[in-house]
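Tutor: Keep the sequence and the model in view. Ask short questions, and we will work through the packing one step at a time.

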Amino acid sequence: MTPAFAQNTPEQAGNNVPAPLRDPKEGYPTPPFSEQSQPWPGLASKMTPKPDHGETSYQGNNRLAGRKALITGGDSGIGRAVAIAFAREGADVAICYLPAEEPDAQEVVQLIQKAGRKAVSIPGDIREESFCRELVEKAVTGLGGLDILVNNAGRQQSHDSILDITTEQFDWTLKTNLYGLFWITKAAIPHMPAGSAIINTASVNAYDPSINLLDYSITKAGIANFSKGLSKQMIERGIRVNAVAPGPFWTPLQVSGGQTMEKLRDFGSDTPMKRPGQPVEIAPIYVQLAATESSYITGQVFGASGGRGQP
């Protein structure tokens, strides 16, 4: 569904045409949603309705001109929206994703290139430490440097009880959400000059855990804490570290095991806006945190949850 503010095409990005006023409750899909499921990790291109990542609406203003960004989970969802926004703001972008997500990833590559920026696609599994090191090296080589890191890739699976979570599933979630983030960040820091930015994707579940997302919630609380602690270390290097805590957003996480069919049907209805967020709506926060003018912002967690939850 095309958002109400999509008045300009991507080719017109950067012309500083202000978006008209609009009611934030309107212009995007609202529940109930049709029942649908996909095998993990899911594809945005097969969702109904398709998520809005800003493909036809995001306008850049040259805020990240010349920057070089690596985004994990950049094929769909929030990572895809951030990749589009960064490219239209003038950054070259490398995206990481699972091999099964190649169709979505290639769409993102084309969108980055259409914005006139360099695109680097790197498939692989961040549960493997060796791949995480390889990922950073390929991004640095392909981009010619690295000064923005967005740790966004994540795994979310719904379980009604702790008794339903196997050790294998628990390990999968923690390896994806925490170990991968740790390994990638550790490998990236030596390449990042002063003025660089690290942005991690936490969740409203870090503060108000959903009853069916126990293992996912503890990883997101860990990411928020990791971001605050790392920021204190990295400021000596001149690197800022922040996190974003999304509420309910319409992404493949939800249809590939992240929600029950009942919760999916009413997804986002319990927010004051009565709908889930679309990825394009949160991308500007990542742009702001990456931009040089945010030089006094570090160690913070920024929320976007439709009026519900913390921070």
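Student: Are helix 4 and helix 5 roughly parallel or antiparallel to each other?

Tutor: This is a predicted model: local features need pLDDT of at least 70, side-chain atom pairs count only at pLDDT 80 or more, and totals for chains, interfaces and linings use all residues. Residues are numbered from 1 along each chain as its sequence is written, and side-chain values use heavy atoms, leaving out hydrogens and water. The axes (lines fitted to C-alpha atoms over the stretch in contact, with angles from 0 to 180 degrees between N-to-C directions) of helix 4 and helix 5 lie 9 Å apart, at an angle of about 15°. Angles under 35 degrees count as roughly parallel, over 145 as roughly antiparallel, 65 to 115 as roughly perpendicular and the rest as oblique, so helix 4 and helix 5 are roughly parallel.

Student: How many residues of the contact of helix 4 with helix 5 are nonpolar?

Tutor: Contact means heavy atoms within 4.5 Å. Helix 4 brings residues including F170, T173, L174 and N177, and helix 5 brings residues including Y216, T219, I223 and F226. Of the residues in this contact, six are polar and two are charged. The nonpolar ones number ten.

Student: Is T219 buried or exposed?

Tutor: T219 lies in helix 5, residues 214–234. T219 touches T173, L174, N177 and L178, not counting residues up to four places away in sequence. Its relative accessible area is 0% (under 20% is buried, over 50% exposed, partly exposed in between, with a 1.4 Å probe and protein chains only), so T219 is buried.

Student: How far apart are the C-alpha atoms of T219 and S203?

Tutor: Along the chain, T219 and S203 are 16 residues apart. In space, their C-alpha atoms are separated by 9.3 Å.

Student: What does the angle make helix 3 relative to helix 4?

Tutor: Helix 3 covers residues 129–143 and helix 4 residues 167–188. Their axes come within 9 Å and cross at roughly 40°. That makes helix 3, relative to helix 4, oblique.

Student: Which residues of helix 4 make the contact with helix 3?

Tutor: Helix 3 contributes E129, C132, R133, L135 and V136. They meet, on helix 4, G180, W183, I184, A187 and A188.

Student: How many residues of the contact of helix 1 with helix 2 are charged?

Tutor: Helix 1 and helix 2 pack with their axes 9 Å apart, at about 15°, and are therefore roughly parallel. R80, A83, I84, A87 and R88 in helix 1 meet D104, E107, V108, L111 and I112 in helix 2. Six residues of this contact are nonpolar and none is polar. The charged ones number four.

Student: Which helix gives the most to the largest nonpolar core?

Tutor: A nonpolar core is a set of buried Ala, Val, Leu, Ile, Met, Phe, Trp, Tyr and Cys residues joined through side-chain atoms within 4.5 Å. The largest has 33 residues, and F86, V93, I95, V150, I282 and Y286 have the most contacts inside it. The elements giving two or more residues include strand 1 (68–72), helix 2 (102–114) and helix 8 (283–290). The most, seven residues, comes from helix 1.

Student: How many residues are in the other core?

Tutor: The other core lies apart from the largest one. Among its residues are V120, A139, M234 and I239. Its residues number 26.

Terms used
Nonpolar A, V, L, I, M, F, W, Y, C, P; charged D, E, K, R; others polar.
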